[in-house]
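Biologist: Please take a close look at one part of this model for me. Pick a single helix, then work outward from there.

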Amino acid sequence: MVRGKARPWYASAEGAGYLFLLPWGIGFLCLSLGPILWSLYLSFTDFDLLTAPDWVGTANYVRMFTADAKFMTSVRVTFVYVLFSVPLKLVFALVVAILLNRGIRGLPLYRALFYLPSLLGASVAIAILWRQLFAGNGLVNQFLAQFGIEGPSWISNPNYSLWTLIVLAVWQFGSPMIVFLAGLRQIPADVYEAAQIDGASRWRQFVRITVPLLTPVIFFNAIIQTIDAFKTFTPAFIISNGSGGPVNSLLFYTLYLYQEAFGYFRMGYASALAWVLLIIIALFTAFAFLTSRYWVHYDE
C-alpha cells in the first residue's frame, strides 16, 4: 500500500483560516497590545522621549493623587461633563426618535439631517464654529440682543464655558437617536393596541411599555456615550486653544494628559494618567453592568 504525500498544514481549511487571521494578529500585537504594555511600563518611569526611561516605581501615581492639583481639577471637569452631557443627550435623542417613529413623511431625510451633527460634531471645524457662535460678539449674543438681553462671553467666562461644550455634546444626539429609532421599531404594535383598548394614556404607554422594552437599547447607548464623553478632547482643545482655560474650566482629563505628554514631554506621567483613565472607565462600565440586572429587561 502506497501512502500519499501528506498535505501541508496551510492547505487545510484550518490552516487557510489561520493564514487569513495572521495580518490581524500581527497588527493587534504590534499596534495594540504592544503599545498598551509599553505604556504600562512607562507609567512606572520618568521618560522625556530624549533619554532612556528611568524606573521610578509608583512615584507617578503617588504624585497624581497627593501633589497634583490640576489632576483633580481635570477629573472634576470631566465628571461634570459626563454626568450632565450623557443624560441630556440620551433624553434628547429619545424624544426625537419617538417623534420620528410616528410615521412622518420624509423620514429618511429627517434621519439623515439629525444624524449629520454626529458626523461633524467631533471635527475641528465644528469646534471652531462653536467658538465663534458663543464668543462675546458671536451669533448667540447677537440673537439675544434682539430681545434686549446682553449675553455674557460664554467661552471666556469660567461659569459658562463648560456648559457650551455640554450643549455641543447634546447637539451631537444623532448617533444614539438612530439606535433608539431602531429599538422603537422592534416593539410590536399590537402591544400598544392592547394598551389603548384597556384605556392606557400615551404617558402610561410610554412608562409601562416603551421604556421597559427599550431598556437594552438605553443601556447600550448609555455605555457607549459615557465612554465617548470620558474621551472628549477636540472641542476642549480648540475652544480653549489647548490651555484648558479660562481658569482651567475646560481642562478635560484627556487635554491635561495631552499637555503632560506633548507640552512638557513627561511621557511617564502621561502614561500613568492614561491608565487611571482606563481604570475609571472600566469601573463605570462594570458598575453599569452590575446594576443592569435590576433595570434592563431582555426577552427570554
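Modeller: Buried here means under 20% relative accessible area, and exposed means over 50%. Keep that cut-off in mind for helix 7, in what is a predicted model.

Start with the helix itself. Helix 7 covers residues 161–171. Eight of its 11 residues are buried, so helix 7 is largely enclosed by the rest of the structure. The buried set begins with Ser-161 and Leu-162. Thr-164, Leu-165 and Ile-166 belong to it too. Leu-168, Ala-169 and Val-170 complete the set. What provides the cover? The elements over these buried residues include helix 3 (69–100), helix 5 (124–133) and helix 11 (234–239).

Now step back to Tyr-160. This residue sits in the loop that links helix 6 (139–145) to helix 7. Tyr-160 counts as partly exposed, because its relative accessibility is 34% and the partly exposed class lies between 20% and 50%. Setting aside neighbours within four places in sequence, Tyr-160 is in contact with Pro-152 and Trp-154. Another pairing spans much more of the chain: Tyr-160 and Ser-249 are 89 residues apart in sequence, yet their C-alpha atoms are 8.9 Å apart in space.

Next comes the loop between helix 11 and helix 12 (253–263), where Pro-246 lies. Its backbone deserves a check. Most residues other than glycine have a negative phi, and most peptide bonds are trans. Gly-245 and Pro-246 are joined by a cis peptide bond, with omega about 5 degrees. Val-247 is in this loop as well, and its phi is positive, near 50 degrees. Asn-248 shares the loop and also has a positive phi, about 60 degrees, without being a glycine. How do the two side by side differ in exposure? Val-247 counts as exposed at 69% relative accessibility, whereas Asn-248 is partly exposed at 26%.

Beyond that loop, look for charge pairing. Side chains of opposite charge can pair when their charged atoms come close. The count comes to one salt bridge. Its partners are Glu-260 and Arg-266, with 2.7 Å from N to O. Their settings are not alike. Glu-260 is buried, with a relative accessible area of 2%. Arg-266 is partly exposed, at 31%. Over the whole protein there are 18 positive and 13 negative side chains, and the centres of the two sets lie 7 Å apart.

One more residue is worth a stop. Ser-39 belongs to helix 1 (residues 13–42). Its relative accessible area is 18%, so Ser-39 is buried. Beyond residues up to four places away in sequence, Ser-39 touches Ser-271 and Trp-275.

Finally, the overall frame. The protein has 13 helices and two strands. Of its 300 residues, 38% count as buried. Its radius of gyration is 25 Å, against near 19 Å for a compact globule of 300 residues. The C-alpha trace spans about 75 × 70 × 35 Å along its principal axes. Among contacts with a separation of 6 or more, 67% join residues 24 or more positions apart. The exposed area is about 18,300 Å², and carbon and sulfur atoms supply 68% of it.

Technical notes
Residues numbered from 1 in each chain as written. Predicted model: local features only at pLDDT ≥ 70, side-chain atom pairs only at ≥ 80, totals over all residues. Heavy atoms only, no water. Salt bridge = Lys/Arg side-chain N within 4 Å of Asp/Glu carboxyl O. Buried < 20%, exposed > 50% of the residue type's maximum accessible area, 1.4 Å probe, protein only. Helix = DSSP H or I, 4+ residues; strand = E, 2+ residues; numbered from the N terminus. Rg over C-alpha atoms; globule rule 2.2 N^0.38 Å. Contact = heavy atoms within 4.5 Å. Areas by Shrake-Rupley, 256 points an atom, 1.4 Å probe, with all protein chains shown as cover. Lys, Arg positive; Asp, Glu negative; His and termini not counted. Charge placed at Lys NZ, Arg CZ, Asp CG, Glu CD.
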